[in-house]
Amino acid sequence: MPKRTRFTTWRPIATAATAALVATLLTPAAADAAPRESRPVHSYDNAIREAVWVDTGLDGDRDGKADRVAVDIVRPREPARQGRKVPVIMDASPYYSCCGRGNESQKKTYDANGDVNQMPLYYDNYFVPRGYAFVGVDLAGTNRSDGCVDVGGRSDIQSAKAVVDWLNGRAKAYTTRTGTTRAKAAWTNGKTGMIGKSWDGTIANGVAATGVEGLKTIVPISAISSWYDYYFQQGAPLYDSGPEWLSDYVNSPDARAKCAAVQRKLVDGAPRTGDWTPLWTERDYVRAARKVKASVFLVHGMQDLNVRMKHVGQWWDALAKNGVERKIWLSQTGHVDPFDFRRATWVETLHRWFDHELKGYDNGIDREPMADIERAPDRWTTSQTWPPNGTRAATLRPDRGAQAGVGTLGLHRGHGTATFTDDPKLSETDWAAQIDKPTPEKAGFVTRPLTRDLRLSGSSEVTVTATPSTPTAHLSAVLVDIGPATIRDYADAGEGITTLTDRTCWGASTAGDSSCFKETKAKTADVDYTIVSRGWADLGNHASDLTGAPLTPGKRYTITLDLAATDHVVPKGHRLALIVAGTDKGLIDPPADKPKLTVDLSRTSARVPFVGGAAAFARATTGAAAATPDATPLDGVRDPRTAHRVPEGSQ
């Protein structure tokens, strides 16, 4: 199917015209006979459960044999008896034995024959009765698979790609881990959709970026698009460890005994300097977006501080540039699955998506709005395209205000300087709480109260010209909505949800695999401000995003920080603030020094995408009376939790 840049024009004109002509020739009865929804007509209790081991063609553990990855399959028995082939939904994961999947941390369990008894999550329970096969792949080096985990590299991606190849008759599989009896996938038509949260969704991104034939769609949830951006941003370290820690965390005991060489490569290839290396190039799926043939249904929490929203913006923009069919959901949560924040609507939408993409049903989902966005807890809106048509970047300028240390934000070039001293003990919440008060650790700039709503949609960037007092310095830039609101409490342990005791069921169950899961509800917080978007950088990377260098104290440098994508409406009466500071506690690691930075306001600006562009900003900030700053600290969510080091799916 030829690719289009607009979600609402999937079918090429010739195909659409042919379909219209055929529709006019069909009788009403024949037209009505076309299926629009798969129904649960197959027995889940009697489904075929089997395991095969797919040859990846790699020898990651260097034992002289090609690695085989374990593939657990649940598929309906009736189509196989009738000679009908079914499509496949696949979740390739490193977590099936070490850590579990979903809000209840489910793991695979097996019967006496070694066939899967409990497959985590609800995908098999719900979709197998509807005529799909479900396939759970253990990444190389995990659970029952050979090889080594290499954290998004060739081994990880080939683990799943080889299975897609096998489903399409291009790779070998065996009935046991070490045997020679071949297994064929004669029961499938090869049409595959990959889904998964966090690392699982990341694998879906990576496999799609290979352009493998047969992969028709992916549904990446809270997924990584470039592994460098999981560990660093523009040279600033986001975590105090690298991918070797994560590999060891999920490797099976057998893999830990064999994979020292892979661990060494991960250490050597990911220096803590934050410099770009070939290791990161191999794990950058954004650069290969031109190869993506599968459609993409992307889901992410706008307050995800584990897999941060930068992964969304750069992946989405690259897919759009290359004409990939796509759809997006953006929630107010942190690192949470849509099954746990919008369950009924999610299951219905995912069902329709797979029916359309894998079964070819004309159910209208391709003609619906591209984006669903959560504006307030459990209150959703849609956009026909995302970002919306008419969205344009406006250049905002910070300036000195009437009160020393409390600056303004507008469209006119600023003048003078602002200074701050890095305090690694403070975070974005500390800065925002004191936005109307001069404090030594931040430079803050605020608009007038808005006279009308103002919508931000997409990725921003902040250019800072600063003079450091030390050879090392890290920078943070944060956009903040100043005003009262009720939001999901993403800083809570549930990251915006509370898990209840009641259960609801989604599909069929067996004695060993229940389709019933604990319900959740929104965990909310009443706040005086909301963090809208964030970005970080090492000022030593001023000349290049790829490499850093020591700074010369007293010398002026200019760097542009990429801020995460978002979609947020600043309501009438609220103010929009820009904060520039140093270490954002819990979200980046501090530099070696504690620098004082002097910001040249005439050379500092923020490019922010507004629906309506600069004109919309001007209309929203014109005619409003300037607010008298109140020195009373503002309430927000608690400090960001200690940084995650595991892109894991369980709460």
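Start by selecting strand E12 (residues 295-301) and strand E13 (residues 326-331), which pair in the parallel sense over six bridges. Strands here (E, at least two residues) and helices (H or I, at least four) are DSSP runs numbered from the N terminus, and two strands pair if DSSP finds at least two bridges between them. For one rung of this ladder, pick Leu 298, whose bridge partner in E13 is Ile 328.

A word on what you have open: this is a predicted model, in which local features need pLDDT of at least 70 and side-chain atom pairs count only at pLDDT 80 or more, while totals for chains, interfaces and linings use all residues. Residues are numbered from 1 along each chain as its sequence is written, and side-chain values use heavy atoms, with hydrogens and water left out.

Now widen the selection to the whole sheet. It is open and mixed, with 11 strands in the order E7-E1-E2-E6-E3-E8-E9-E12-E13-E14-E15. Color strand E7 (173-174) and strand E15 (379-383) next: these stand at the edges with a single partner strand each, so one side of each has no neighbour in the sheet.

Two backbone stops come next. Go to the loop between E15 and strand E16 (391-403), where you will find Pro 387. A cis peptide bond joins Trp 386 to Pro 387, with omega about -15°. Then move to Ser 198, in the loop between strand E8 (188-197) and helix H6 (199-208). Phi of Ser 198 is near 65°, a positive value in a residue other than glycine.

Time to step back to the domains. Color domain 1 (48-327) and domain 2 (391-489 + 525-621) separately; these bounds come from an automatic or database domain assignment. Their centres, taken over C-alpha atoms, are separated by 37 Å.

Which residues meet at the boundary? On one side 21 residues of domain 1 are in contact with 25 residues of domain 2, contact meaning heavy atoms within 4.5 Å. Show polar contacts across this interface and the rule finds 13 residue pairs, both residues at pLDDT 80 or more. A polar contact is a pair of N or O atoms within 3.5 Å; within protein, one must be able to donate a hydrogen and the other to accept it, and residues adjacent in sequence count only if both atoms are side-chain atoms. On the side of domain 1 that touches domain 2, strand E11 (236-237) and helix H12 (310-321) each supply at least two residues. The largest share of that side, three residues, comes from H12.

For the last stop, select Asp 635, in the segment after helix H15 (613-621). Its C-alpha atom is separated by 7.0 Å from that of Tyr 529, 106 residues apart along the chain. Neighbours within four places in sequence aside, Asp 635 is in contact with Val 527, Asp 528 and Tyr 529.
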